[in-house]
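This report describes selected local features of a protein chain and sets them beside its general architecture. The sequence and the structure are shown first.

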Amino acid sequence: MASAARLLRRGGCPVRTRLLCGAPKARLGWRRQVASGRRGGGSELAEQSRFFRRGVAFSALSYLGYEAYILISHSSVVHADVKVNEVLDQADYLYGSGETEKLYQLLEEYKNSENAQLLWRLARASRDVAQLSQTSAEKKKQLIYEALGYATKALEKEKSCFNVHKWYAICLSDVGDYEGIKKKIANAFVIKEHFQKAIELNPKDATSLHLMGIWCYTFADMPWYQSKIAAALFSTPPSSTYEEALRYFQKAEDVEPNFYSKNLLFLGKTYMKLNNRKMALLWLTKAKERLSHTEEDKQVHKEAVELLNSL
């Protein structure tokens, strides 16, 4: 009781204590007034009633303030989500329009984002700018490593998105060009794992199927000296066959016909490796006749023409 009195003198009594107990001295005075038959008890009761109403009003205002805070916070989150969705829509439009540099400029503003959907698109855009003919060798290397950084962060944030796995694998493969044959072969195991994960998450993604085909074709077509290095470095080095590569290229074409000039080219090249001249002519002709929209398409067209001439 003494400690409660000290709290009251300091104004430190919790609201609940004040509401339930009132001021002890006031309660004692009210009892004396009732015992002696005085009429002053009415004013004390009125005072306590006003005090109670103030406490209830304070609690109500506190609750309303909390509700307002929740609504504002929720509104901010919704607004942020709307903003992100707007940026993603704009990014996808620019990508579809072939506006490589504009897309990169848009997404670079969000390089510190925690959103995996923004990050994998930025990784893709960085890589696409690196592939432009006007990009210097030094700038290309910088962009390739930046792309891997964005893809890695996207993977940390979201492991259930097939595009995250796909672009992480692509960017990791690109970095191998700067880190030597040993590192490149070691990364091949990780790259395959993420392409397969992308296919598992979305079996209808033609690009992931094509890239898995490229992985198989690369190791089926590995030069003998690289094969010897791989065998010396790893007890079971990565390996594949042209037949396996063909299955992935064909499956990609089945999922989305004529989706990518390079898939048409590699179908032709793989049939050449398998000594199937008729099918090689078919797919190389398709690659040559496909309209060119990008620099890569033009390179594919040129290679297809050269291979057809050789046949």
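Arg124 lies over the face of Tyr95, with 3.5 Å to the ring centre. A second placement of this kind involves Lys286, which is found over the face of Trp283 at 4.3 Å from the ring centre. These descriptions refer to a predicted model.

**Overall architecture**

The chain contains 15 helices and 0 strands. It has 311 residues, of which 34% count as buried. Among the contacts in the chain with a separation of 6 or more, 58% are accounted for by residues 24 or more positions apart. The accessible surface of the chain amounts to about 19000 Å², and carbon and sulfur atoms contribute 55% of that area.

**Aromatic pairs and the nonpolar core**

The structure holds 6 aromatic pairs. One of them joins Trp215 and Phe219 in a tilted arrangement, at 4.6 Å centre to centre and with 45° between the planes. Because Trp215 and Phe219 are 4 residues apart in helix H10 (residues 206–220), about one helical turn separates them. Both Trp215 and Phe219 are buried. Phe259 and Tyr260 form another tilted pair, at 5.9 Å centre to centre and with 45° between the planes. Phe259 has a relative accessibility of 16% and therefore counts as buried, since the limit for that class is under 20%. Ring pairs also link Tyr217, Tyr242, Phe249 and Phe266 into a cluster.

Trp215 appears again in the largest nonpolar core, which has 70 residues. Together with Leu107, Val164, Phe195, Met212 and Leu265, Trp215 is one of the residues that touch the most other members of this core. In soluble globular proteins, nonpolar side chains tend to be buried together. When residues up to four places away in sequence are not counted, Trp215 touches Ala188, Ile191, Lys192, Pro238, Ser239 and Ser240.

**His194 in helix H9**

His194 belongs to helix H9, which covers residues 180–201. With a relative accessible area of 10%, His194 is buried. Its side chain makes a polar contact of 3.0 Å with the side chain of His165. His165 is also among the residues that His194 touches, and the others are Leu155, Tyr168 and Ala169, not counting residues up to four places away in sequence.

**Helix H15: Val300 and Lys302**

Helix H15 comprises residues 295–310 and includes Val300. Lys302 lies in helix H15 as well. Which of the two classes, buried or exposed, applies to Val300? At 4% relative accessibility, Val300 counts as buried. Lys302, by contrast, has a relative accessibility of 56% and counts as exposed.

Each of these residues can also be placed against another part of the chain. Val300 and Ser261 are 39 residues apart along the chain, and their C-alpha atoms are separated by 6.7 Å. Ser261 is also in contact with Val300, as are Lys262, Leu265 and Ala287, leaving aside neighbours of Val300 within four places in sequence. Leu265, one of these partners, has already been named among the residues that touch the most other members of the largest nonpolar core. Lys302 and Lys288 are 14 residues apart in sequence, and their C-alpha atoms are 7.6 Å apart in space.

**Asparagine residues with positive phi**

Asn258 has a positive phi of about 60° although it is not a glycine. Asn275, likewise a residue other than glycine, has a positive phi near 60°. The table sets out the location and accessibility of Asn258 and Asn275.

| Residue | Loop | Relative accessible area | Class |
|---|---|---|---|
| Asn258 | between helix H12 (242–255) and helix H13 (261–273) | 41% | partly exposed |
| Asn275 | between H13 and helix H14 (277–289) | 71% | exposed |

Asn258 is placed in the partly exposed class because its relative accessible area is 41%. For Asn275 the value of 71% gives the class exposed, as the limit for exposed residues is over 50%.

Definitions and conventions
Residues numbered from 1 in each chain as written. Predicted model: local features only at pLDDT ≥ 70, side-chain atom pairs only at ≥ 80, totals over all residues. Heavy atoms only, no water. Helix = DSSP H or I, 4+ residues; strand = E, 2+ residues; numbered from the N terminus. Buried < 20%, exposed > 50% of the residue type's maximum accessible area, 1.4 Å probe, protein only. Polar contact = N/O pair within 3.5 Å; in protein donor to acceptor, adjacent residues only side chain to side chain. Contact = heavy atoms within 4.5 Å. Phe/Tyr/Trp six-rings, centres within 6.5 Å; stacked < 30°, edge-to-face > 60°. Lys NZ or Arg CZ within 6 Å of the ring centre and 35° of its normal. Core = buried A, V, L, I, M, F, W, Y, C linked by side-chain atoms within 4.5 Å. Areas by Shrake-Rupley, 256 points an atom, 1.4 Å probe, with all protein chains shown as cover.
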